[in-house]
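This note is addressed to a colleague who is meeting the structure for the first time. Please keep the sequence and the model at hand while reading.

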Amino acid sequence: MTKGVLTIVSGFAGSGKGTVMKRLLSRHEGYALSISATTRKPRNGERDGVEYFFKTKEAFEKMIEEHAFLEYASYVGNYYGTPASYVDEQLNLGKDVILEIEVQGALQVKKQRPDALLVFLTPQSGQELERRLRGRGTETDEVIRSRMKRAGEESKLMSSYDYILVNDDVDRAVEELHGLIRSQHLAASRNSGLIERISRELAVYQ
Ligand code: 5GP
């Protein structure tokens, strides 16, 4: 069995990445979504061990010391990190593991695992991002302005990603993401066993 593909999906707040992830996992088999640890408080309806592992700052810092994270970052005053053990266990089982994380963490993972696939999800325009954030109807003008400012900062790192997915149609974005991950399985670098076998089979004709 071949190892799974490690994929990182990032996107602006309001890019719809949560919806794309949910639909990808409900439609296609063979995926495992990593559950992050965070020091932020659970939102309404969030359960420990489902959306996140909710930790105190002290517990999180202990995990940092123990090198328990594949990556971690500070985002809007809280820590977020990917526990390494689950990711490796699932990759070794042949699952395609997805991390839905912000840009600083994504770039840390790419340094350690150059074969990771980095995908950035975005609406088709800045105006559309603002429209979506306002459409939620729950945020003040000030919060929306600060999200848009952050999106501007994050956009500077988009060119470090392998692929940019425009999410103007969720179903299309899901199928494009699935296609990108499938095509990673076909990379020559992941198929050295097959290449060696065929070369051996052809050696008799030399
Ligand atoms: P939220 O608090 O809205 O759930 O997440 C805030 C941001 O943190 C999102 O951009 C999300 O992708 C990112 N995030 C979630 N888990 C992790 C993680 O383990 N590591 C990093 N670096 N970012 C994360």
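The points below take up the ligand, its surroundings and the two pockets.

1. The model is predicted. The points that follow should be read with that origin in mind.

2. The ligand is surrounded by 15 residues. Those that come nearest are Ser36, Arg40, Tyr52, Tyr80 and Glu102. By class, this shell holds 6 charged, 5 nonpolar and 4 polar residues.

3. Two side chains deserve inspection for their polar atoms. In Tyr52, an N or O atom of the side chain is 2.5 Å from an oxygen atom of the ligand. In Glu71, an N or O atom of the side chain is 2.7 Å from a nitrogen atom of the ligand.

4. The backbone also takes part: an oxygen atom of the ligand has a backbone N or O atom of Gly81 at 3.1 Å. How much of the ligand's surface does the protein bury? Of the 510 Å² that the ligand exposes when taken alone, 89% is buried by the protein.

5. Two strands should be located in the shell around the ligand. Strand E5, residues 69–75, and strand E6, residues 78–83, each contribute at least two residues to this shell. Both E5 and E6 also supply at least two residues each to the lining of the largest pocket.

6. Where does the ligand sit? The largest pocket holds the ligand, and the volume of this pocket is about 1500 Å³. Its lining comprises 44 residues, with Lys17, Arg40, Arg43, Tyr52 and Glu100 nearest the centre. Arg40 and Tyr52 are thus named here and also among the residues that come nearest the ligand.

7. Which element gives the largest share of the lining of the largest pocket? Helix H6, which spans residues 141–155, provides that share with 7 residues. Strand E1 (6–11) and helix H1 (17–27) each supply at least two residues of the lining as well.

8. The lining of the largest pocket divides by class into 16 charged, 16 nonpolar and 12 polar residues.

9. The second largest pocket encloses about 200 Å³ of space. Its lining includes Lys3, Gly4, Val5 and Leu6, together with Leu91, Arg113 and Asp115. Gln184, Ala187, Ser189 and Arg190 also line this second largest pocket. By class, the lining has 4 charged, 4 nonpolar and 3 polar residues.

Technical notes:
Residues are numbered from 1 along each chain as its sequence is written. This is a predicted model: local features need pLDDT of at least 70, side-chain atom pairs count only at pLDDT 80 or more; totals for chains, interfaces and linings use all residues. Side-chain values use heavy atoms; hydrogens and water are left out. A residue is near a molecule or strand if one of its heavy atoms lies within 4 Å of it. A polar contact is a pair of N or O atoms within 3.5 Å; within protein, one must be able to donate a hydrogen and the other to accept it, and residues adjacent in sequence count only if both atoms are side-chain atoms. Accessible areas come from the Shrake-Rupley method with a 1.4 Å probe; for residues, only the protein chains shown count as cover. On a 1 Å grid over the protein atoms alone, a cavity is a set of points where a 1.4 Å probe fits but cannot get out, and a pocket is an open set with protein on both sides within 12 Å along at least five of seven lines; lining residues have an atom within 4 Å of a point. A molecule sits in a cavity or pocket if more than half of its atoms lie within 2 Å of its grid points. Helices (H or I, at least four residues) and strands (E, at least two) are DSSP runs, numbered from the N terminus. Ala, Val, Leu, Ile, Met, Phe, Trp, Tyr, Cys and Pro count as nonpolar, Asp, Glu, Lys and Arg as charged, and the others, Gly among them, as polar. Grid points are joined across faces, edges and corners, and a volume is the space filled by probe spheres set on the points.
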